[in-house]
Amino acid sequence: MPRWSGAGLLAALAMVLLLAVPGEAVVRAPKGGTLTTGSAPSKALGEDIAFNLYLPYGYETGKNRHPVLYLLHGRGDTMQAWTRVKDTLDQMIRTRRIPPVIAVMPDAPWSERGSWYVDSRYTGADLPGRPVETALTRDLVAYVDATYRTAPIREARLIGGYSMGGAGALRFALVHQDLFSAAVVLSPAVYTPLPPSDSSARDYGAFGSGAQKFADDVYQELNYPALLPKLDADRPVRLFVAVGDDEYANPAPADAHHDLDFESAALYNAARRSQAVSAQLRVLDGGHDWTVWSPAFEQAMAELGPGLSVTPPAGLPAPLLGTAAADWAGGVAAHADGTVTTGFAAGGPVAGQPYAGRLDAVLTSTGARTWTRQLGTAADERLYGVAALPDGGVLAAGYTKGDLDGRHPGNAADDAFVARLDASGTVRWITQFGDPGAADRLYGLTAAPDGGAYVTGYTKGSLDGPNSGDKDALVARLAADGTLSWVRQYGGAGEDKAYGVAGDATNLYVTGSTTAALPGTNALGGLDGWIAGYAADGTRRWATSAGGPGDDRLNAVTVTTAGLAVTTGTSGGDLLAAAYTSAGRQRWNAALTTPAADEGAAVAPLPGGEVEVVGYTRGRVGVMAGGADVLTVRLDGKGEQRGAAQFGTARDDAVDPFAEPNLYAAATASGKVAVSGLTYGTPADGTAPGNGDVFATTIDPSTGLPAG
């Protein structure tokens, strides 16, 4: 059987097409990109930089801009080494695992091919130092952006390399965060604190100084342990580190930790502790060769490639709310006159308001009416809901560990509380309630038609008969004057919590989670989500579980203009939304899925029976900003997705350190959606008080992004 070269195989396939019998199936060669060569002038070097270039299929006739991969070869190799990944790129682009990318594979002949991709300070005549790092990161990148249809933003560039090239890719990503957002680091020739005595890193002058071919202080200055503390966390770097399990084993016991599998693990564990880096490590079967680098490159591109974008991410608008201490989002309400009231828990004084200590509850209104009110005790107060009232006033709910209403002296357990403020921010009443000897918390709030409130949460005590288990879900009704009208406790043998509540004139809907079957429901496995329907007097009419065999939770619910109860949360790590009739029949369900965690936290009604679901994602829906991003999904009245987007900062947004969403939404009178949530990042056009702050913005449902 003949063996074909790549060119011979393509020629043979072309002949098959020419000789094909009419009417019979024709096997066509798959469409692939092209390899060519080029050179870029370098002012730093005083000579050209040669490179191989991969252009994706359709580049010549297209108009789109493309992300760029820069791929660095190992010591002694040439720019030809990386051409073997062409088929991998063709296949991954063809199957849409990655976007169509350009790949630039520069030649690095300097220091007799042992440059380590740094600016060498060695002045010896045998291997004179050259500014290789400057030439590749500035001259080459500038030339590629000027010559090809690229996007000159960091989100559109990835740097990769193996062995010496892996060390170079790591350094470029850490030092040049303005240029690169991600790095593929394969079997990197990095050593800490110094290379072993037999390492070639000592032989080529890359880390030299003057006449000294290798200088300890120069190497340590340029190596990653010195770089990680200097990183800008607002320019996140994604690292994919891979190494073989059959790397060279140094026979000297003192140098065993310099084996590259050891060094790769050390790099990974140092990098993952930086707030500016998200790192992954893979150990593959193989040695220091392409049996490892080829599959590792494909795995790395599958992980990092989808995050490449020629469009910069949408950020959070400034200013943020909060203090220099830890702050938490606590709710948002939209009023008919355009005023928006945002609630949060603050670890310090806000807008000159008196600070009581630890966490205080804060409400601030902007728009037609502007005011700020801070409520607190020497203990913690957390807000978990804000609701607008027809008279311009506002309701707020949460929990306190102190005596917030002045009628619970000596309280040391979590108590539920609801407060009503008028249109000017004056407190009209505060109602605090709960089992004196147990924890009671409120997590959900909605306004009742008479100006009172419905609230949900949990109790570890007995507020409506004996407790059924560890925690029982609670539902309560407060009258317009703050009087507690009724409390209903709902629980089984496990831990039961209620997170969301919504209603209309005759129906009330409550959602939450349970670790075991609630009365009237079936256990599905793991943590289950649930939704229950109540009458206005607190009579439970129906209840049903939601989710699958994994962990599920329903965080919020709203009533649409078509009268359906639409809830959102998570099921098995994906965002879940579902609609129910007033009789408890599921009308539709919908999911948004990425390979990473996605969760719905809030849902707001839109005209025509549509809803805007707001949550967070660690995956890619639009353009990734970094960490967890705010996620918006618009669904029509039948649950069909009409749009999805993500936005945020370089750090986590909309989710707390316990992987629980901290995000709220409310429909505005203008058809937009007011959103408020937690962020650990910094707006592109502003500053952050620090330690977790609160953002407030308005979403345009047509784009899913901040309205500006």
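Buried, in what follows, means under 20% relative accessible area. This is a predicted model, and I will start with helix 4.

Helix 4 covers residues 132-147. Its buried residues are Val132, Glu133, Ala135, Leu136, Thr137, Asp139, Leu140, Val141, Val144 and Asp145. Note that Glu133, Asp139 and Asp145 are on that list. On length, the 16 residues at 1.5 Å a residue should span 22 Å, and the end C-alpha atoms of helix 4 are 21 Å apart, so the two values agree.

Leu140 takes us to the core. Nonpolar side chains tend to be buried together in soluble globular proteins. Here the largest nonpolar core has 67 residues. Which of them touch the most other members? They are Tyr70, Val104, Trp116, Leu140, Ile159, Phe207 and Leu239. Helix 5, residues 164-175, gives this core its largest share, 7 residues. Another core lies apart from it, with 30 residues, including Leu71, Leu284, Val292 and Leu308.

Take Phe207 as one case. Which residues is Phe207 in contact with, leaving aside neighbours within four places in sequence? Trp116, Val118 and Ala201 are among them, and so are Lys213, Phe214 and Ala215. Val218, Tyr219 and Leu222 complete the set. Trp116, like Phe207, is one of the core residues that touch the most other members.

Now the sheets. One is an open sheet of 8 strands, in the order 1-2-4-3-6-7-9-10, with mixed pairing. At its edges are strand 1 (34-42) and strand 10 (277-284), each pairing on one side only. From one strand to the next, the twist averages 20 degrees.

Within this sheet, strand 6 (residues 157-162) and strand 7 (residues 182-186) run parallel and are joined by 5 bridges. Gly160 stands opposite Val184 of strand 7. Helix 5 lies across strand 3 (68-72), strand 6, strand 7 and strand 9 (237-244). The helix runs at about 150 degrees to strand 6.

Further along the chain there is an open sheet of 4 strands, ordered 35-36-37-38, and its pairing is antiparallel. Why is one side of strand 35 and of strand 38 left without a neighbour in the sheet? Strand 35 (663-667) and strand 38 (705-706) stand at the edges, and each has a single partner strand, so one side of each has no neighbour there. Strand 35 is joined to strand 36 (residues 673-679) by 5 bridges, and the two run antiparallel. In this pair, Leu663 stands opposite Gly677 of strand 36.

Conventions
Residues numbered from 1 in each chain as written. Predicted model: local features only at pLDDT ≥ 70, side-chain atom pairs only at ≥ 80, totals over all residues. Heavy atoms only, no water. Core = buried A, V, L, I, M, F, W, Y, C linked by side-chain atoms within 4.5 Å. Buried < 20%, exposed > 50% of the residue type's maximum accessible area, 1.4 Å probe, protein only. Contact = heavy atoms within 4.5 Å. Expected span 1.5 Å × (residues − 1). Pairing = 2+ DSSP bridges. Axes fitted to C-alpha atoms, helices over the stretch in contact; angles between N-to-C directions.
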